[in-house]
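Trainee: I would like a close look at one part of this model. Please start from one strand and then work outward to the charged side chains.

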Amino acid sequence: MNDSSQRARDWFLNANTRDQVRGYLQSTQARALHGLLEYQAQAGIAGSLAEIGVYLGKTLIGLARAARRDESVLAVDPLIIGNDDLAPELTRNLETHLTAEELARISVNRLLSSELDVLEWMRSLKRAARFVHLDGHHARESILHDLQLAASWLENGAVVLIDDFLNELHPDLTSGILDGLAAHPQLEPVAVIPRMGHIEEGGSKLVCATRGHGPRYREALDRALAGELRPWNDQMLGREMRVYRSDAPALTRTGVSRPQHQSDRKPLPVVFALQDRDGFYWVNTAVAIMSLAQYAKEPIEVHVLHDETVSEHAKQRLSEIAGDMRIDLTLTQVRLPDEVDVTRLRQFGIASLFKLLIPDLFADRDLVIYLDSDLVANGLDISELAIATPHDAAVSAVLDPYIAITASHAEALARMGLDPANYVNSGVLALRPKLLTGDLLETFLAFSTSTPGAIHPDQDFLNAHFEGRIHFLNEKFNYPVSVYQQSMIQPLPHYRDKILHYSGSIKPLDGFIATGIIPFWVHAQRVPEAAEALIGKPTKYLFPIEGNREALVVQGIEHAAP
C-alpha cells in the first residue's frame, strides 16, 4: 500500500480522527468512499479530484490524502453560511490534518458552483477528474448544473458521488439527479450507499461511474461494506443498481431481485472512412468514436474503412480506445479501382468515396450509419438516428443549410441542376443496403467523368443520384459548426444533444478556439494524442465580425514547441 492510500485509509476508517472535524460523514459512507478510492489506486486510475460543497473539509481532507503527487484537488464552496465565514475553521482543519505536500495540492474556489461554466471548471481542474463529490446547494437547478460540470471532463473509469440522494427533506433534489443522469448517459448509476443515521446527519449517496465501469465499483463497494451491509441487486434508469441491506440474504453470483431483460437487438453498425496522409487525422476518428461510445444506449459496432496510409500505431490506438469503451471495432483496408481520378476529389481525398462501398460490404444489414471523422456526438445517442430513419428510405440525411451561401457553390449547383433547398450533407448518412441497387462506385465514376467541375464530388453525386428519394433528418443529427451564421460561437448549451460536424475549413486540431469547439475537447481529453497535435501551432481565437454573420475574425497567439 502506497503512502497516499495509507493516509486516506487512516482518515476514512478512523472515526476518532475523522470526527475531530465538524461535518456529516457517517461511518458507512466513509468506508464506501475509501473503498472507491482504494479501487482506483489499485486499478491505476489517475486524474484530479474535486468536491462541490466543502463545508469544513471532512471529506475534502480524505480526498487530499488520497491524491497522488501529480494530482490536484479542487474545492468549490463560497464558505459562507448566513453571516458566518467558514474559511478560518476550514483552513485550520486542513493545516491540522494534512501534510504540507497534501495541502499544496488543494485549490479552493470561494464561489457558488453556479458561477462556474464548463470551461472555467476544466481550467480549475487542470486535468480530467477521476473522482468528483457533489454536495452543493440542495436544489434541482443546482444539481443539474453541478452534474453538467462533473460530466464534462472525466477520466475513463471516473466516479461521481452525489450526496443526499432520496433525501426526504429535499425531494426536488432527487428529481434533478435523475433528470441530470438522463442528460448524461456517459454516466451509469452504480450503487446507493444508505443513510444509517438521522436524516439531519445527511442522506444517502448515489455512486455513479463512467459507462462500463459499474461492475468493478460494485465489487469494490461490496468488499468495503462487507460485515456491515449485504449487497442486493435492483434496477435504476434501466440499469443494474446495487443497494445494501442489513437483513437481506447473501447475494449469489447470479442472484437478482428481478429478471434482467437483455436487449435482443443486433449491434448497430457505424462506419467511418479514414485516409491518414499526415499521420494525425486518425485522432479525429478516435475522438469521434469516443464520443459515440459515451452516449450509445444500445449496442453498436464500429467499422473503419481505411487505406494503406493508416499506420500500425494508429490502428493499435483505435483498437485500444474502442476496447476501453467496450465496443467492437473492425478495421478494414480497402482499395479503389485505378481508374478513380483522385485529382477530381479535390481536398476531400480518396476516403470520401469509401462510403460508396457500404452497400456491397454490408449487404446483409438492414441499416448502416456512416459518419465523417470530423464530428462528435455531443450528448446524443446514435440509436436516436436509427429510430428516426424510415424503413422504406434507402438514404436518409440532413439538409446542408450553408451549401449555396457562396456564389461559387451556388453556381456549381445550378450547373448540375441541383436544388440547394433539397441538398443534403453526406457527413452523416443512414443507409439501408437492401434497398440500394446497382454499383454506387461505378455510377460515381460515370458521374465524375460527365461532371468534372463538382466542388464536393461524392456529396454532389449522392444528391444527384438519389434526387427526390432522400429522407430528410432533423438538423441535430448533423449540425454544422462553421463560420456561417455564427454557428461556431453560440452559447455552450446550444451544442448539447447534437452531432456536431466541423465540416468547414476550421478544425479543432488546427488550434482554433471558440465555444463550438469546446465539445470536441471535452471528448478529446481521453485521446492524449489530440493535445500532441497542437504542439507548435498557434492558438487561434475566433470572434464575430459586427454586421457580418458569414465570417469570423481570427486572433492568433503563437506558441513555441517545447
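Mentor: We begin with strand β15, then move to another sheet, the salt bridges and the surface.

First, some ground rules. This is a predicted model, in which local features need pLDDT of at least 70, side-chain atom pairs count only at pLDDT 80 or more, and totals for chains, interfaces and linings use all residues. Residues are numbered from 1 along each chain as its sequence is written, and side-chain values use heavy atoms, with hydrogens and water left out.

Now find β15, at residues 368-371. Strands here are DSSP runs of E with at least two residues, helices are runs of H or I with at least four, and both are numbered from the N terminus. Which residues cover the two faces of β15? Val368 and Tyr370 sit on one side, with Ile369 and Leu371 on the other, and all are buried. Buried means under 20% relative accessible area, exposed means over 50%, and partly exposed lies in between (1.4 Å probe, protein chains only).

Next, look at the neighbours of β15. Strands of a sheet pair through backbone hydrogen bonds, either parallel or antiparallel. Two strands count as paired if DSSP finds at least two bridges between them. Strand β12 (residues 268-274) runs parallel to β15, joined by two bridges. Here valine 271 stands opposite tyrosine 370. Strand β18 (residues 424-431) runs antiparallel to β15, and four bridges join them. There, valine 368 faces leucine 431. So β15 has one parallel neighbour in β12 and an antiparallel one in β18.

Compare an open sheet of three strands. Its order is β16-β21-β20, and its pairing is mixed. β16 (375-378) and β20 (479-480) each have a single partner strand, so each edge strand has one side without a neighbour in the sheet. Two bridges pair β20 with β21 (residues 498-501) in the parallel sense. Proline 480 has histidine 501 in β21 as its bridge partner.

On to the charged side chains. A salt bridge is a side-chain nitrogen of Lys or Arg within 4 Å of a carboxyl oxygen of Asp or Glu. How many salt bridges does this rule give? The count comes to 24.

Take glutamate 240 and arginine 218. Their closest N and O atoms are 3.8 Å apart, and they form a salt bridge. Glutamate 240 is in strand β11 (residues 239-245) and arginine 218 is in helix α10 (residues 214-225), so the pair ties together parts 22 residues apart in sequence. Is arginine 218 buried or exposed? Arginine 218 is buried, at 5% relative accessible area. Glutamate 240 is partly exposed, at 28%. Both belong to a network of salt bridges that links Arg218, Asp222, Glu240 and Arg242.

Another salt bridge joins aspartate 70 to arginine 127, with the closest N and O atoms 3.8 Å apart. This pair links distant parts of the chain, 57 residues apart: aspartate 70 is in the loop between α4 (58-66) and β2 (73-76), and arginine 127 is in the loop between α7 (118-125) and β6 (129-134). Aspartate 70 is exposed at 55%. Arginine 127 is partly exposed at 25%.

Arginine 365 and aspartate 364 also meet in a salt bridge, 3.8 Å from N to O. Arginine 365 is partly exposed, at 25%. Aspartate 364 is exposed, at 58%.

Finally, the surface patches. Patches are made of residues with over 30% relative accessible area and no salt bridge; like charges are joined within 9 Å, and nonpolar side chains (Val, Leu, Ile, Met, Phe, Trp, Tyr) within 5 Å. Lys and Arg count as positive, Asp and Glu as negative, while His and the chain ends are not counted. A charge is placed at NZ of Lys, CZ of Arg, CG of Asp or CD of Glu. Which residues gather in a patch of negative charge? They are Glu339, Asp360, Asp439 and Glu442. Glutamate 442 lies in helix α16 (residues 440-450) and is exposed, at 56%.

A nonpolar surface patch is formed by Ile513, Tyr541 and Phe543, with about 240 Å² of accessible area together. Such areas come from the Shrake-Rupley method with a 1.4 Å probe; for residues, only the protein chains shown count as cover. Isoleucine 513 belongs to strand β22 (residues 512-513) and is partly exposed, at 33%.
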